Amino acid sequence: MLNRLKEDIAAVFDRDPAVKSTLEVLTCYPGMRAIWIHRVSHRLYVANWPVVARMLSGVGRFLSGVEIHPGATIGRRFFIDHGMGIVIGETAIIGDDVTIYHGVTLGGTTWNKGKRHPTLEDGVVIGAGAKVLGPFTVGQGARIGSNSVVTKAVPPGATVTGIPGRVLVREVDDAREAMQSKHGFDMYGVTEEMPDPVARSIRALLDQTHAMESKMDAMGQQLCKLDPSFCDDKLPQLDSDAFSGMGDKG
Ligand SMILES: CC(C)(COP(=O)(O)OP(=O)(O)OC[C@H]1O[C@@H](n2cnc3c(N)ncnc32)[C@H](O)[C@@H]1OP(=O)(O)O)[C@@H](O)C(=O)NCCC(=O)NCCS
């Protein structure tokens with residue numbers, strides 16, 4: 001119990017540059033009060049004391065402006081910055097190291113019973129005022145922009161902004177695109193936000209190859225001035241067939 005309290009406090013120091021002291025965390029962070037009260041109310045809920053659990057969560061709401069249904073499952077080092085206007089529904093599941101700001105709703109879009117609220121995997125950050133609505137998963141490390149409205153699953157590591165929420169696609173770097181076409185293959189649709197670790201590795205290799213080729217071109221030009229026969233030796237070209245089927249699954 002004390003360990004959980006200590007790691008909650010450490011999470012505030014990690015994620016709020018404005019914090020000054022442990023005493024401040026214990027007394028001035030409504031989000032902390034909401035989480036600590038939720039831990040007790042969740043236990044009561046699981047122990048089949050749902051009404052008492054709801055009453056206690058109502059006290060938490062009064063003290064923090066954060067309404068967490070006692071049925072919600074919340075992991076470790078959850079940080080609610082500022083509190084106020086936050087609603088977390090009964091069937092929401094929140095992983096470890098998740099951060100949310102004021103005005104966030106983890107809500108449902110149906111009155112049917114059963115899973116109707118989102119699941120947030122570890123390390124998710126949800127900006128102020130964002131609404132995440134429905135029984136889908138927001139993947140590990142994803143970030144939701146402030147005031148976004150998200151109604152569909154979010155891939156791990158993605159950044160989503162806007163209404164409706166869309167994955168932020170960053171512009172493809174011109175130099176990298178030139179390398180891809182030079183080597184005869186196209187990592188179609190692969191962006192900075194794509195979570196595929198193989199694609200990320202290939203992208204890093206392309207950047208490295210581009211830097212090395214630029215350097216070698218400059219060196220080659222100087223060597224050609226000293227010995228023109230040096231320019232007759234061409235570098236071997238990559239075979240584009242070697243990359244065919246890269247995007248295939250299974
Ligand atoms: C979504 C977010 C995580 C993106 O951060 P980032 O990766 O640094 O992205 P950038 O700031 O480079 O912005 C990238 C693009 O998204 C846009 N964008 C960023 N946040 C946005 C938002 N909430 N809604 C709509 N568009 C947004 C930017 O204008 C920019 O557009 P452009 O490429 O056309 O210029 C961040 O903007 C955010 O909203 N964080 C939440 C912060 C918060 O709630 N703080 C409360 C503290 S009290």
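**Exercise 1. Backbone and exposure around methionine 84**

Starting from 54% relative accessibility, decide whether methionine 84 counts as buried or exposed, and then describe its backbone and its place in the fold.

Step 1. Methionine 84 counts as exposed, because its relative accessibility is 54% and the classes are set as buried under 20% relative accessible area, exposed over 50% and partly exposed in between, with a 1.4 Å probe and protein chains only. The model is predicted, so that local features need pLDDT of at least 70 and side-chain atom pairs count only at pLDDT 80 or more, whereas totals for chains, interfaces and linings use all residues. Residues are numbered from 1 along each chain as its sequence is written, and side-chain values use heavy atoms, with hydrogens and water left out.

Step 2. Methionine 84 lies in the loop between β3 and β4, where strands (E, at least two residues) and helices (H or I, at least four) are DSSP runs numbered from the N terminus. Its phi is near 70°, a positive value in a residue other than glycine.

Step 3. The loop between β3 and β4 also holds histidine 82, which has a positive phi of about 75° although it is not a glycine. At 46% relative accessibility, histidine 82 counts as partly exposed.

**Exercise 2. The surroundings of the ligand**

Which residues surround the ligand, and which of its atoms lie opposite polar atoms of alanine 128, arginine 143 and serine 146?

Step 1. The ligand is surrounded by His82, Tyr101, His102, Gly127, Ala128, Arg143, Gly145, Ser146, Thr159, Thr161, Leu168 and Arg170; a residue is near a molecule or strand if one of its heavy atoms lies within 4 Å of it.

Step 2. By class, this shell has 3 nonpolar, 7 polar and 2 charged residues, where Ala, Val, Leu, Ile, Met, Phe, Trp, Tyr, Cys and Pro count as nonpolar, Asp, Glu, Lys and Arg as charged, and the others, Gly among them, as polar.

Step 3. An oxygen atom of the ligand lies 2.5 Å from a polar side-chain atom of arginine 143, and an oxygen atom of the ligand lies 2.7 Å from a backbone N or O atom of alanine 128. For serine 146, a polar backbone atom is 3.0 Å from a nitrogen atom of the ligand. Of the 910 Å² of accessible area that the ligand has on its own, the protein covers 45%, with areas from the Shrake-Rupley method and a 1.4 Å probe, only the protein chains shown counting as cover for residues.

Step 4. Threonine 159, in strand β14 (residues 159-161), makes a polar contact through its side chain with the side chain of arginine 143, at 3.3 Å. Such a contact is a pair of N or O atoms within 3.5 Å; within protein, one must be able to donate a hydrogen and the other to accept it, and residues adjacent in sequence count only if both atoms are side-chain atoms. Threonine 159 counts as buried at 8% relative accessibility.

**Exercise 3. The aromatic pair and the nonpolar core**

What geometry does the aromatic pair of tyrosine 29 and phenylalanine 79 have, and which elements give two or more residues to the largest nonpolar core?

Step 1. The structure holds 1 aromatic pair, and this pair, tyrosine 29 with phenylalanine 79, is tilted, at 6.4 Å centre to centre and 40° between the planes. Rings of Phe, Tyr and Trp (its six-membered ring) pair if their centres lie within 6.5 Å, and planes under 30 degrees apart count as stacked, over 60 as edge-to-face and the rest as tilted.

Step 2. Because tyrosine 29 lies in the loop between α2 (22-28) and α3 (30-46) and phenylalanine 79 in strand β3 (residues 79-81), the pair ties together parts that are 50 residues apart in sequence. Tyrosine 29 is buried, with a relative accessible area of 8%, and phenylalanine 79 counts as buried at 0%.

Step 3. The largest nonpolar core, a set of buried Ala, Val, Leu, Ile, Met, Phe, Trp, Tyr and Cys residues joined through side-chain atoms within 4.5 Å, has 36 residues, and those with the most contacts inside it are Phe78, Ile88, Ile100, Ile126 and Val138. Two or more residues each come from α1 (2-15), α3, β1 (66-68), β3 and β4 (86-88), and α3 gives the largest share, 3 residues.
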